[in-house]
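Please follow the account below with the chain in view. It begins at a loop, moves on to the sheet, and ends with the enclosed and open spaces.

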Amino acid sequence: MTIPHAHPFHFDPTYGATLPALESIRPPAAPDGFDEFWNARYAKAINADPKPSLSRSELQHADWNVLDISYASTGGVAIGGWLLLPKRSPIKRGMVIGHGYGGRDQPEFDVPVEETAVLFFCARGMSRSAHPPIPSEASGHVLHGIESRDSYVIGGCVEDIWLAVSALIELYPWLEGRIGYSGVSFGGGLGALAIPFDTRIDRGFLAVPTFGNRPLWLRLPTVGSADSVQQYQRKHGSVLETLRFFDAATAATRITVPMLVAAARFDPAVAPPCQFSVANALAGSKEIFVLDAGHFDYDGAAEQNEELRAKVALFFTAGAEPRSNAQSAAPASPDRDRPSVPD
């Protein structure tokens with residue numbers, strides 16, 4: 001193990017927790033109306049028309065056709081991002097990929113999947129989805145609308161994921177039920193909130209996910225987005241009543257599809273007890289990959305990340321097979337699985 005010992009922080013990013021202690025953490029109970037709140041939001045989102053629009057990107061890659069994509073999300077918010085289509089294989093799966101709280105400047109070309117249409121979306125207010133008055137920087141974004149569960153920006157970001165799935169299905173209808181989700185940090189927390197309520201997502205990978213176990217998230221010292229909320233709470237009073245409806249660990253108890261989670265033992269930006277709260281809460285088939293550290297460079301990071309990458313590739317390859325005889329028997333046409341690339 002190479003858990004860092006030297007660091008510049010005024011607190012211990014392990015929070016003194018041993019691995020057995022982390023593995024024993026349980027999620028908070030859901031507030032009254034939790035499922036009704038999210039089911040109602042999903043029902044509204046699923047009826048929205050994403051109106052996906054594609055154009056050729058200035059970016060080029062040897063293995064991927066790179067497209068700029070935009071689609072309509074809830075509340076009239078336009079979401080931008082990139083769509084990668086494999087150049088030399090049919091499209092048999094879809095994937096939506098989130099980002100951390102730094103936003104996203106371009107897609108990742110080393111995503112370890114094949115025969116997959118990969119949609120990198122930018123959450124509302126950030127990067128290609130700038131939407132004033134939502135702040136673009138993490139410290140302001142995480143506070144936007146926090147006064148109420150109905151106005152809190154995180155709910156809209158979850159809906160952006162659901163509309164990304166809708167956009168993929170509108171473009172490639174045969175992908176319904178064969179779409180995965182992958183997200184890191186901020187994107188990991190959003191994924192934990194989105195996946196349990198969207199049956200079109202068949203598996204997910206969450207890396208160092210945030211927003212788990214909000215009572216701890218509001219208390220443990222951090223250099224991440226939670227610090228902004230902690231400062232806000234000291235000035236304006238408790239926001240826990242809102243945040244309980246956006247607890248990634250509570251939501252994870254509703255996730256029954258296969259999941260892979262990478263959780264760190266040392267992390268100054270997302271407290272490990274909050275990460276493990278999400279991982280431990282998952283109700284279905286799951287694998288937890290333990291990282292020595294997250295959001296921090298450390299000896300052995302390259303080796304661990306390579307091992308994790310191999311697990312991610314295997315995990316999503318396992319989801320490439322149809323889940324029912326009915327799906328596998330679906331009629332094919334010559335162009336059915338071929339990428340659609342604008343001129």
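Pro-133 is found in the loop that runs between β5 (116–121) and α3 (138–141), where helices (H or I, at least four residues) and strands (E, at least two) are DSSP runs numbered from the N terminus. The model is a predicted one, in which local features need pLDDT of at least 70 and side-chain atom pairs count only at pLDDT 80 or more, while totals for chains, interfaces and linings use all residues. Residues are numbered from 1 along each chain as its sequence is written, and side-chain values use heavy atoms, with hydrogens and water left out.

The peptide bond that joins Pro-132 and Pro-133 is cis, with omega at about 15°. A further backbone feature belongs to Lys-51, a residue other than glycine whose phi is positive, near 45°, and which lies in the loop between α2 (34–46) and β1. As a general background, most residues other than glycine have a negative phi, and most peptide bonds are trans.

The sheet is open and is formed by 9 strands in the order β1-β2-β3-β5-β4-β6-β7-β8-β9, with mixed pairing; two strands pair if DSSP finds at least two bridges between them. Because β1 (53–56) and β9 (286–291) stand at the edges with a single partner strand each, one side of each is left without a neighbour in the sheet. On average, neighbouring strands of this sheet are turned by 20° against each other, direction ignored, where axes are lines fitted to C-alpha atoms, for helices over the stretch in contact, and angles run from 0 to 180 degrees between N-to-C directions.

Strand β2 (residues 64–72) runs antiparallel to strand β3 (residues 78–86), and 9 bridges join the two; within this pair, Val-66 stands opposite Leu-84 in β3. Helix α5 (residues 186–194) packs on the sheet, where it touches β6 (179–184) and β7 (201–207), and its direction makes about 140° with that of β6; contact means heavy atoms within 4.5 Å. Strand β8 (residues 259–264), by contrast, runs parallel to β9 and is joined to it by 6 bridges, with Ala-263 having Val-290 as its bridge partner in β9. From β8 the chain crosses through helix α10 (residues 272–281) to β9 in a right-handed β-α-β crossover, a term used if, with the strands pointing away from the viewer, the path from the first strand over the helix to the second runs clockwise.

What space do the atoms leave? On a 1 Å grid over the protein atoms alone, a cavity is a set of points where a 1.4 Å probe fits but cannot get out, and a pocket is an open set with protein on both sides within 12 Å along at least five of seven lines, lining residues having an atom within 4 Å of a point. The count comes to 1 cavity of 30 Å³ or more, and residues that line the largest cavity include Tyr-15, Trp-217 and Cys-274.

The largest pocket is lined by 30 residues, of which Val-184, Phe-205, Ala-207, Asn-305 and Leu-308 lie nearest its centre. At least two residues of this lining come from each of β4 (93–97), β6, β7 and α11 (301–318), and α11 gives the most, with 8 residues.

Notes
Grid points are joined across faces, edges and corners, and a volume is the space filled by probe spheres set on the points.
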